[in-house]
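Work through the exercises below with the sequence and the model side by side. Try each task before reading its solution.

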Amino acid sequence: MCQLLGMNCNTPTDIQFSFEGFARRGGLTDEHADGWGIAFFEDSAARCFIDNTPASASPVAELIRSYPIRSKHVISHIRKATVGAVKLPNCHPFVRELWGQAWVFAHNGDLKDFQPELSGDYLPIGDTDSEHAFCLILQTLKSSFGLRRPDNRPSLQDIESVIRPLCAQIAQHGTFNMLMSNGEALFAHCSTRLEYIVRAYPFKQAHLIDCDLKVDFGQVTTPNDRVAVIATTALTDDETWTPFAPGSLLVFQDGQPVLADGTPLPNN
């Protein structure tokens, strides 16, 4: 299946270290060679780059490595095709607009007999089960809260209360690990496997699993920085990653989980 990478921070942060190890899983250290993509927010806008070639050999990936990405919200995906041909419209992440915001989504898994009734406000461009699920989520949010001005959007808790049971319904069709962001928070649903780590002061060194690369975060951060990284499987071999409970939905904001299955979490 596919693999996911997400980052949520309290200040714009460099994704290059995590992306270097993650991209190697796209056809080099793992089998996910059917396309890849990355989306990140700059202010309220989302930049999205996708390619239907393996991430480990993609010229677009080389562009990303040289692009000075500093963002508070990043979602990346490497694809092992299960539903839908290997072509550009089927590459994640997908991006749509709702309430004057860009929403970004990527999915790992395989949904069987999943043909949601979509009204027309949100329709897939490709033919993956993943994009159908994304369209269903946005359609449900819009039908639940109606049209909203940017100064009257639903609260984070209200959005989560709609997404959580909907993710559980979608997961009845198979495996539904997903990451989604609106540039204010990052929503992460685990059907089978996701892990996360929160890096905060005092920062330490970290070493990638997929290549012999390490970084001393204490040299490139400030004491006020906090970064949450979410991945299908741990990216480093010298840090302690926290596994998601299957069936759980966590919401990350400012570099830490703030909601777990609807329950507010204390700020660290």
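**Exercise 1. At what angle do α3 and α4 pack, and which residues make the contact?**

Solution. The model is a predicted one.
- Step 1: Find the helices, α3 at 129-145 and α4 at 156-171.
- Step 2: Take the angle and the distance. α3 and α4 pack at about 140 degrees, and their axes are 10 Å apart.
- Step 3: Classify the angle. Over 145 degrees would count as roughly antiparallel. The pair is therefore oblique.
- Step 4: Add the handedness. The crossing of α3 and α4 is right-handed.
- Step 5: List the contact. α3 brings Ala-133, Leu-136, Ile-137, Thr-140, Leu-141, Ser-144 and Phe-145. α4 brings Asp-158, Ile-159, Val-162, Ile-163, Leu-166 and Ile-170.

**Exercise 2. In what order do the seven strands of the open sheet stand, and which strands are at the edges?**

Solution.
- Step 1: Write the order. It is β5-β6-β7-β8-β14-β15-β16, with antiparallel pairing.
- Step 2: Look at the ends. β5 and β16 (263-264) each have a single partner strand, so one side of each has no neighbour in the sheet.
- Step 3: Check the β5 end. Five bridges join β5 to β6. Val-95 is opposite Val-104 of β6.
- Step 4: Move one strand on. β6 and β7 also pair over five bridges, in the antiparallel sense. Here Ala-106 faces Leu-179 of β7.
- Step 5: Check the β16 end. β15 and β16 are joined antiparallel by two bridges. Leu-259 has Pro-264 of β16 as its bridge partner.

**Exercise 3. Which strands do α3 and α4 touch, and at what angles do they run?**

Solution.
- Step 1: Start with α3. This helix packs on the sheet and touches β5, β6 and β7. Its direction makes about 10 degrees with that of β5.
- Step 2: Turn to α4. This helix lies across β6, β7, β8 (186-189), β14 and β15. It runs at about 25 degrees to β8.
- Step 3: Classify both angles. Under 35 degrees counts as roughly parallel. So α3 is roughly parallel to β5, and α4 is roughly parallel to β8.

**Exercise 4. Are the residues of β6 buried or exposed?**

Solution.
- Step 1: Count. Eight of the eight residues of β6 are buried.
- Step 2: Recall the pattern. In a regular strand, side chains alternate between the two faces of the sheet.
- Step 3: Sort by face. One side holds Gln-101, Trp-103, Phe-105 and His-107. The other holds Ala-102, Val-104, Ala-106 and Asn-108.
- Step 4: Conclude. Both faces of β6 are covered.

**Exercise 5. How many residues has the largest nonpolar core, and which have the most contacts inside it?**

Solution.
- Step 1: Give the count. This core has 33 residues.
- Step 2: Name the centres of contact. They are Trp-103, Leu-141, Ile-163 and Phe-187.
- Step 3: Trace the suppliers. β5 (94-98), β6 (101-108), α3, α4, β7 (177-181), β14 (249-253) and β15 (256-260) each give at least two residues. α3 gives the most, with eight.
- Step 4: Follow Trp-103. Its contacts include Phe-94, Val-95, Leu-98, Phe-134, Leu-138, Leu-141, Ile-159, Met-180 and Phe-187.
- Step 5: Look beyond. A second, separate core has 29 residues, among them Leu-5, Ile-38, Ala-206 and Leu-208.

**Exercise 6. Where are the cis peptide bonds at Pro-93 and Pro-202?**

Solution.
- Step 1: Take Pro-93. The bond from His-92 is cis, with omega near 0 degrees. Pro-93 sits in the loop between β4 (70-78) and β5.
- Step 2: Take Pro-202. The bond that joins Tyr-201 to it is cis, with omega about 0 degrees. Pro-202 lies in the loop between β9 (195-200) and β10 (205-207).

**Exercise 7. What values of phi do Trp-99, Asp-254 and Asp-261 take?**

Solution.
- Step 1: Trp-99 has a positive phi near 55 degrees. It belongs to the hairpin of β5 and β6, with two residues between the strands.
- Step 2: Asp-254 has a positive phi of about 55 degrees, though not a glycine. It is in the loop between β14 and β15. Its relative accessible area is 34%, so it is partly exposed.
- Step 3: Asp-261 has a positive phi near 50 degrees. It is in the loop between β15 and β16. At 37% relative accessibility, Asp-261 is partly exposed.

How values were computed: Residues are numbered from 1 along each chain as its sequence is written. This is a predicted model: local features need pLDDT of at least 70, side-chain atom pairs count only at pLDDT 80 or more; totals for chains, interfaces and linings use all residues. Side-chain values use heavy atoms; hydrogens and water are left out. A nonpolar core is a set of buried Ala, Val, Leu, Ile, Met, Phe, Trp, Tyr and Cys residues joined through side-chain atoms within 4.5 Å. Buried means under 20% relative accessible area, exposed over 50%, partly exposed in between (1.4 Å probe, protein chains only). Helices (H or I, at least four residues) and strands (E, at least two) are DSSP runs, numbered from the N terminus. Contact means heavy atoms within 4.5 Å. Two strands pair if DSSP finds at least two bridges between them. Axes are lines fitted to C-alpha atoms, for helices over the stretch in contact, and angles run from 0 to 180 degrees between N-to-C directions. Angles under 35 degrees count as roughly parallel, over 145 as roughly antiparallel, 65 to 115 as roughly perpendicular and the rest as oblique. A crossing is left-handed if the near helix is turned anticlockwise from the far one by less than a right angle, and right-handed if clockwise. Lists of a residue's contacts leave out its neighbours within four places in sequence.
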